[in-house]
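Let's take a walk through this model, stopping at a few spots along the way. Have the sequence and the 3D view open as you read.

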Amino acid sequence: MATGTKQTFPAGIGVEFQQVEKRYGVRFALRGISLRIAAGESVGLVGANGSGKTTLLKVAARLIRPSAGKVQFSSAETSVVSMVGHSILLYDDLTADENLVLFARLYGMEGSRERAAAALESAGLGGRGADLVRTFSRGMRQRLSIARALLPGPGLLLLDEPATGLDAAGQQWLGETLARLRAQGCTLLMSTHGRSETHALLTRAVRLEAGQVAKDSGPSGDPQRVLATALAAPQEA
Amino acid sequence: MAQRATSVVESTGPGQRTRAGVHAAETLGVALLLGVAGYAALFIAPTERTMGVIQRIFYFHVPSAWTGFVAFFITFVASIAYLRGRNPKWDRLAVSAAEIGVAFFTVVLITGPIWAKPVWGIWWTWDARLTSSFVLWLLFVCYMLLRTLVDEPERRAVLSAVFGIFASFDIPLVYFSIWFFRTQHPQPVIGAGGSLDPLMRNVLLLCWAALLGVMVLLLRQRYRLETLRHEVEELRTESARRSDSA
Amino acid sequence: MALLRPTTILLGKELRSEFRTRELLTTTWVFVLTVLVLFSFTFDPTQAESRRFGPGLLWLALLFAGSLMLHPSFAREQVNDTLAALRMAPIEPVSIIASKILANLCFLLVAELFLLPIFAVIYNLSLVPILGQLVLVLLLGTLALSTVGTVFSAISSQARMRELLLPLLLLPLLAPALIASTEATRGLLEDPPVLSLPWTGLLAAFDIIFLTVTWLFGEYLLEE
């Protein structure tokens with residue numbers, strides 16, 4: 001972490017889903033999901049494709065409005081909810097620097113240029129600030145996307161298969177970054193698909209099946225079993 | 001679940017006969033009113049001096065436009081109500097009213113030329129009211145076209161509600177701009193200008209009342225159709241859901 | 001004002017994006033020019049006729065060009081789902097739309113300013129004495145096109161047949177603005193030039209009404 005840029009770490013945000021449903025016409029993406037995640041937990045979300053993981057994350061990010069039920073957050077402070085999505089959520093036609101400065105400014109952060117530079121440095125993209133995102137490799141784009149999500153110092157970080165596209169070094173960096181966030185009290189909700197360095201730091205695992213909670217290791221249970229059985233189960237193509 | 005499929009249940013339940021009776025009475029009433037209005041337009045209203053018998057079409061041409069406005073106003077209000085509350089019944093009302101509005105304006109666009117040809121010798125003049133009706137007709141046809149191009153029901157409702165609101169605010173602008181344009185570049189006018197003989201005015205209002213009756217009947221039927229479609233979908237979803245978890 | 005700051009930031013982003021590629025600007029400009037030239041084949045412009053037809057053709061060409069060029073406005077945000085990133089930021093959703101309206105206004109105005117001298121040459125018109133008033137009418141008319149066009153770009157980007165849908169929705173709705181702009185421009189090309197207050201007023205009213213409606217209801221278009 002670069003020195004000189006003072007960042008405050010807000011307390012983690014807890015999120016509670018109350019009978020959340022999301023339907024698209026006749027198709028139910030989420031059916032009656034009730035789940036409470038306390039501040040500071042690191043929750044892994046597993047399940048086959050189409051089980052509702054992405055939809056649940058987007059509902060938590062307030063990108064999708066539930067058809068029924070509510071989502072409540074435990075912190076009303078200026079804590080931020082951030083997301084690493086399926087897409088990289090960055091502008092191809094702008095440079096890495098310009099992208100990060102843009103989002104820093106939108107989040108009302110002081111010293112946007114310095115923060116952007118620091119974030120690039122942390123992501124191992126230090127020398128590439130002036131390059132267009134379009135020119136980045138898959139792995140670099142993913143790193144930059146994660147860096148963008150971390151920029152405002154989130155209290156709740158939602159991640160949709162964040163290890164996708166990352167090489168071994170990238171996955172290690174991701175694991176270290178998430179461990180650091182966790183130590184700072186940030187709540188993590190991460191959907192995962194396959195083995196990853198990041199599994200070791202999870203405190204809880206939830207398995208979704210056809211839009212419902214099939215298995216939940218609970219706040220004090222052992223997540224590894226749920227993770228193992230889920231990953232061993234046949235995945236849809 | 002049975003709660004939601006009320007219309008389907010109702011249409012086959014015990015109260016059906018009474019309601020069918022009421023519906024029939026209302027339809028008969030409107031038909032009667034329409035008949036009276038038609039008779040009045042053809043025989044009671046005085047013959048217009050310059051245009052002769054063909055002018056009588058004015059008694060349906062003008063009120064059709066007014067009725068169309070009422071229908072589009074309903075779409076406007078229903079669109080706003082939907083955006084606020086997200087209750088699908090407002091969306092169903094909006095689309096039903098829009099369709100009926102288009103139907104009435106189609107009548108306007110057909111009766112206009114029918115009137116114009118014998119009087120002016122041409123099928124179409126860019127008369128202010130006719131042109132505005134044409135633009136309005138286009139606008140709400142676009143509303144319906146937009147709906148066919150969005151598959152997901154909630155997105156379709158939201159997008160068409162916003163478009164419907166824009167289109168509604170455009171209505172006065174369309175009329176004013178075209179009317180003002182015509183004052184600067186005059187053309188043969190199809191609508192009757194100047195003050196109206198009191199008997200003519202009364203016949204006109206009578207015809208409007210009849211058309212409003214027709215509109216209400218059509219609207220109710222169309223809305224009911226939309227509700228039934230919605231409930232069939234709900235039942236289909238529910239049965240799929242049950243067979244999934246069975 | 002909570003709206004001003006994010007709108008400005010995003011406007012900067014829009015302009016920066018466009019000036020890097022300049023795709024929209026060049027294609028718009030070339031398109032309008034082509035349409036103008038083609039129109040002159042269909043309607044052979046002698047002096048008197050060009051004063052009659054010229055304004056209408058100019059605005060029609062702009063309308064067509066605009067309805068094509070406004071489409072990428074929101075379609076671009078679908079590429080890497082950047083719209084989601086903007087929506088998650090703590091900003092008023094309407095500022096996203098407002099920034100695009102302003103950006104599209106800039107692009108269209110730049111294209112028009114290049115076009116005016118060429119238009120004047122092709123149709124043999126002297127624009128210098130009326131330049132200030134002409135710019136006012138251009139501004140109001142282009143704002144109408146940009147406002148409604150940007151909002152409808154948000155709508156059409158979520159529907160099928162999106163490239164065709166945008167002009168389809170746009171043209172009937174803009175009819176009053178087209179009439180008003182054309183008449184106002186025609187008034188300025190008369191001898192002596194007259195700035196028609198009713199028509200200019202109608203354009204201003206059009207802009208105010210639809211900017212307000214956008215402000216009230218625009219955010220619903222950004223939902224997923």
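## Two helices crossing in chain C

Helices α9(C) and α10(C) cross in a left-handed way. Keep in mind that this is a predicted model. Helix α9 covers residues 175-188 of chain C and helix α10 covers residues 197-217; their axes come within 8 Å and cross at roughly 145°.

Who does the touching? On the α9(C) side you'll find Pro176(C), Ala177(C), Ala180(C), Ser181(C), Glu183(C), Ala184(C) and Gly187(C), and they meet Trp199(C), Thr200(C), Leu202(C), Leu203(C) and Phe206(C) of α10(C). Sort the residues of this contact by type and you get eight nonpolar, three polar and one charged.

## Where chain B meets chain C

Next, hop over to the contact between these two chains. Chain B puts in 26 residues and chain C puts in 25 residues. On the chain B side, α5 (128-148) and α6 (153-184) each supply at least two residues. The largest share there, 17 residues, comes from α6(B).

What is that side of chain B made of? Its residues split into 23 nonpolar, one polar and two charged.

## A wrapped-up strand in chain A

Now for chain A and its strand β7, residues 187-191. Five of its five residues are buried, so the strand is largely enclosed by the rest of the structure. Both faces are covered: Thr187(A), Leu189(A) and Ser191(A) are buried on one side, and Leu188(A) and Met190(A) are buried on the other.

Which strands pair with β7(A)? Strand β3 of chain A (residues 42-46) runs parallel to β7(A) and pairs with it over four bridges, with Gly44(A) opposite Met190(A). Strand β6 of chain A (residues 156-160) also pairs with β7(A) in the parallel sense, over five bridges, and here Asp160(A) stands opposite Ser191(A). Add helix α5 of chain A (residues 168-183), and β6(A), α5(A) and β7(A) make a right-handed β-α-β unit.

## An open sheet in chain A

Chain A also has an open sheet of three strands, in the order β2-β1-β4, with antiparallel pairing. At its edges stand β2 (27-37) and β4 (68-73), each with a single partner strand, so one side of each is left without a neighbour in the sheet. Ignoring direction, neighbouring strands of this sheet are turned by 20° against each other on average.

Look at β1(A), residues 15-24, alongside β2(A): the two pair in the antiparallel sense over seven bridges. One spot to find on screen is Glu16(A), which stands opposite Arg36(A) in β2(A).

How values were computed: Residues numbered from 1 in each chain as written. Chains lettered and ligands numbered in written order. Predicted model: local features only at pLDDT ≥ 70, side-chain atom pairs only at ≥ 80, totals over all residues. Buried ≥ 20, exposed ≤ 12 C-beta atoms within 10 Å, placed from the backbone. Pairing = 2+ DSSP bridges. Right-handed = clockwise from strand over helix to strand, strands pointing away. Contact = placed C-beta atoms within 7 Å. Nonpolar A, V, L, I, M, F, W, Y, C, P; charged D, E, K, R; others polar. Axes fitted to C-alpha atoms, helices over the stretch in contact; angles between N-to-C directions. Left-handed = near helix turned anticlockwise from the far one by under 90°.
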